[in-house]
Amino acid sequence: MPNIFNRLRRRESVGSSQAPMMGASSPTPLQADQTRSSTRHWGPLALTYANNMSRRSTSNRRSMSHRQSAAEEEAGVANGAAAEKIEPAGLTQPWLVIRRSILSSWINVLLLVIPVGIASHPANFPDVAVFVLNFFAIVPLAKILGYATEQMSLHLGDVLGGLINATLGNVVELLLGILALVKGQVEIVQTSLVGSIIANLLLVSGSCFFFGGIKNNEQVFNTHAAQSYGSLLAMAILSTLLPAAYNSLNAKDADLKSGVLTLSHVTAIFLLVIYIAYLFFQLKTHANLFSAVSLEARKAAAQKPKSSDSDEKLATPQPAETAVASTSATPENFGTPAHAATAAASRDQIVAIGDSAESKNEQEDDDEEEVVELTLWASIVLLLITVGFIGVCAEFLVDSIDGLTESWNLSHSFVGMIILAIVGNASEHYSAISVAVKNKMDLALGVAVGSSIQIALFVMPVLCILGWIIDQPMSLYFSPFTTVVLFITVLLVNYIIGDGRTNWLEGLVLVISYVIIGVAYFLYPKDMDTASTSL
């Protein structure tokens with residue numbers, strides 16, 4: 001903002017210095033009267049205004065200087081971080097590998113429970129204590145497993161790394177299912193798989209939409225990816241509806257049981273074919289359809305609604321604002337609407353500089369690349385060790401389920417559908433909610449809904465085929481109650497994600513739906529079987 005008082009003084013000095021040089025004559029009496037009148041009228045007012053503007057200009061310059069210094073400091077830190085590249089820890093540095101693995105997440109503080117959980121079974125702890133200890137021991141192990149998988153995928157490229165991530169993303173559910181299936185607990189296997197699908201679709205997705213919607217007005221994501229997810233989930237529902245419909249036929253029980261098992265085995269094979277085709281589609285041929293929405297679109301949707309005054313200001317034509325902002329604040333326009341608009345334009349310019357710096361920071365955070373902290377072999381060894389610990393804890397957990405249901409008077413359906421589903425996806429819950437709050441809904445949706453697709457199209461068919469091999473009646477048939485719950489869940493989620501936009505209310509709807517389902521399974525009679533063993 002120009003300083004009027006200084007400009008007036010410069011005009012007088014320039015006029016007095018140039019008059020002799022140019023040989024100009026002295027002012028006429030009329031000009032002298034006009035000058036004295038203007039000085040008497042504007043002198044005190046211009047001095048007050050000049051002092052105010054001087055203080056404001058100094059404050060604005062300081063604010064801009066602070067912002068510029070902060071931006072330079074952040075740039076220096078980023079350049080320093082890039083210059084000091086982290087060296088990957090290898091097998092010759094076991095303590096560094098352990099330290100980086102433990103410090104990868106605050107959830108890993110629960111690693112202290114692992115030795116107690118493993119020792120609880122040989123020490124003949126009560127089944128409830130064994131279940132609870134190993135329940136919490138699996139949570140940090142699943143997080144470290146994800147960390148090792150990500151580090152390994154960074155060495156293998158986009159396609160092979162994405163394949164590894166997709167295959168090992170549900171190792172916990174797969175290990176729990178294999179151990180329970182070998183012990184003949186088919187009901188636990190089936191309910192835990194269906195429970196994982198429902199927990200990911202309702203609890204995880206709903207929490208992402210709710211917490212992300214509280215911080216952001218609306219969140220957008222790729223509609224093409226959402227439609228692909230919906231189609232694959234519908235395919236998974238079809239694979240469970242057909243065995244249920246077949247079992248309702250009026251035929252002999254022996255024929256129905258044999259037909260349901262055969263239909264399930266054939267369907268499982270085709271589901272694996274669909275899953276392989278889905279991976280090839282997502283990672284190779286149509287990877288562009290799963291790209292994230294641009295940062296500008298996400299920021300526009302996340303902005304809170306403007307007030308009416310702000311809308312009117314935004315509705316002002318841009319050329320007029322530019323013209324007004326360029327108008328000089330002279331004594332002739334001081335106190336006029338033009339002068340007020342000039343001051344407002346100056347303040348808006350300062351705010352725009354701050355918004356630009358914040359947008360740059362968000363862009364840098366959005367484009368942040370993952371750092372390779374472990375070598376390939378260190379990642380593989382860490383993954384194998386983690387899988388071994390998960391297998392031990394999962395075996396002790398499965399062995400204690402019968403004692404838990406008797407002590408707490410719970411049904412196997414509730415344990416498999418709710419409790420085991422939560423423990424198997426605990427680390428994914430935290431990761432998905434964290435990225436959703438950062439307005440990265442494409443990534444959050446890929447974690448939540450993508451995990452459900454992996455369970456429905458990969459884990460469930462693999463366990464069905466494994467049951468076929470070891471002669472266990474593992475099928476894709478569920479009770480009518482469970483089939484209806486799964487169908488309504490997929491239908492509700494497809495309705496919500498179909499438009500590519502979410503808010504906190506839609507998230508609350510999904511979370512409340514999961515709570516209602518949990519209450520229903522808590523009240524489910526213990527003597528009723530929800531699995532295919534009732535055939």
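Here are some exercises with worked solutions on the predicted model shown above.

**Exercise 1. Getting an overview**

How many helices and strands does the chain have, and what percentage of its residues is buried?

*Solution.* Start with the secondary structure: the chain has 20 helices and two strands. Next, turn to burial: of the 535 residues, 41% are buried. Then look at the outside, where the accessible surface comes to about 27800 Å², with 63% of that area belonging to carbon and sulfur atoms. Finally, consider the contacts between residues with a separation of 6 or more: 84% of them join residues that are 24 or more positions apart.

**Exercise 2. Following helix α18**

What span does helix α18 (residues 441-469) reach, and where is its kink centred?

*Solution.* Step one is the length. The helix has 29 residues, and 40 Å separate its first C-alpha from its last. At 1.5 Å a residue, 42 Å would be expected, so the two values are close. Step two is the direction of the axis: α18 has a kink of about 35 degrees, centred on Ile455. Step three is the surroundings. Because 22 of its 29 residues are buried, α18 is largely enclosed by the rest of the structure. Last, step off the end of the helix: just after α18, Asp471 takes a positive phi of about 65 degrees.

**Exercise 3. Exploring the largest nonpolar core**

Which two residues touch the most other members of the largest nonpolar core?

*Solution.* Nonpolar side chains tend to be buried together in soluble globular proteins. In this model, the largest nonpolar core has 107 residues, and the two that touch the most other members are Phe131 and Ile198. The helix from the previous exercise returns here, since α18 gives this core its largest share, 15 residues. Now zoom in on Phe131. Setting aside residues up to four places away in sequence, Phe131 touches Leu397, Ser400, Ile401, Leu404, Val415, Ile419 and Leu420.

**Exercise 4. Checking helix α6**

Which residues of α6 are buried?

*Solution.* First test the length of helix α6 (residues 171-182). Its 12 residues should span 16 Å at 1.5 Å a residue, and this agrees with the 16 Å between its end C-alpha atoms. Now count the burial: nine of the 12 residues are buried, so α6 is largely enclosed by the rest of the structure. The buried residues are Val171, Val172, Glu173, Leu174, Leu175, Leu176, Gly177, Ala180 and Leu181. Just after α6 you will find Gly184, with a positive phi of about 80 degrees.

**Exercise 5. Two asparagines in loops**

Are Asn124 and Asn409 buried or exposed?

*Solution.* Begin with the backbone. Most residues other than glycine have a negative phi. Asn124, however, has a positive phi of about 60 degrees, and Asn409 has one of about 55 degrees. Next, locate them: Asn124 sits in the loop between α4 (113-120) and α5 (127-168), while Asn409 belongs to the loop between α15 (401-408) and α16 (412-424). To decide on exposure, use the cut-off of over 50% relative accessible area. With 67% relative accessibility, Asn124 counts as exposed. Asn409, at 56%, counts as exposed as well.

**Exercise 6. Far in sequence, together in space**

Which residues does Ser291 touch, not counting residues up to four places away in sequence?

*Solution.* Find Ser291 in the loop between α9 (253-285) and α10 (295-302). Ser291 is partly exposed, because its relative accessible area is 39% and the partly exposed class lies between 20% and 50%. With that sequence limit applied, Ser291 touches Asn222 and Asp442. Compare sequence and space for one of these: Ser291 and Asn222 are 69 residues apart in sequence, with 7.1 Å from C-alpha to C-alpha.

Now try Thr502, which is in strand β2 (residues 501-502). Thr502 counts as buried at 1% relative accessibility. Its contacts, leaving out residues up to four places away, are Phe209, Glu218, Gln219, Phe221 and Met441.

**Exercise 7. Looking for disulfides**

How many disulfides does a search of the whole structure find?

*Solution.* Recall that a disulfide is a covalent bond between the sulfur atoms of two cysteines. Searching the whole structure gives zero disulfides. Now look at two cysteines: Cys393 is buried, with a relative accessible area of 0%, and Cys464 is buried, also with 0%.

How values were computed. Residues are numbered from 1 along each chain as its sequence is written. This is a predicted model: local features need pLDDT of at least 70, side-chain atom pairs count only at pLDDT 80 or more; totals for chains, interfaces and linings use all residues. Side-chain values use heavy atoms; hydrogens and water are left out. Helices (H or I, at least four residues) and strands (E, at least two) are DSSP runs, numbered from the N terminus. The bend at a residue is the angle between axes fitted to the seven residues ending there and the seven starting there. Buried means under 20% relative accessible area, exposed over 50%, partly exposed in between (1.4 Å probe, protein chains only). A nonpolar core is a set of buried Ala, Val, Leu, Ile, Met, Phe, Trp, Tyr and Cys residues joined through side-chain atoms within 4.5 Å. Contact means heavy atoms within 4.5 Å. Accessible areas come from the Shrake-Rupley method with a 1.4 Å probe; for residues, only the protein chains shown count as cover. A disulfide is a pair of cysteine sulfur atoms within 2.5 Å.
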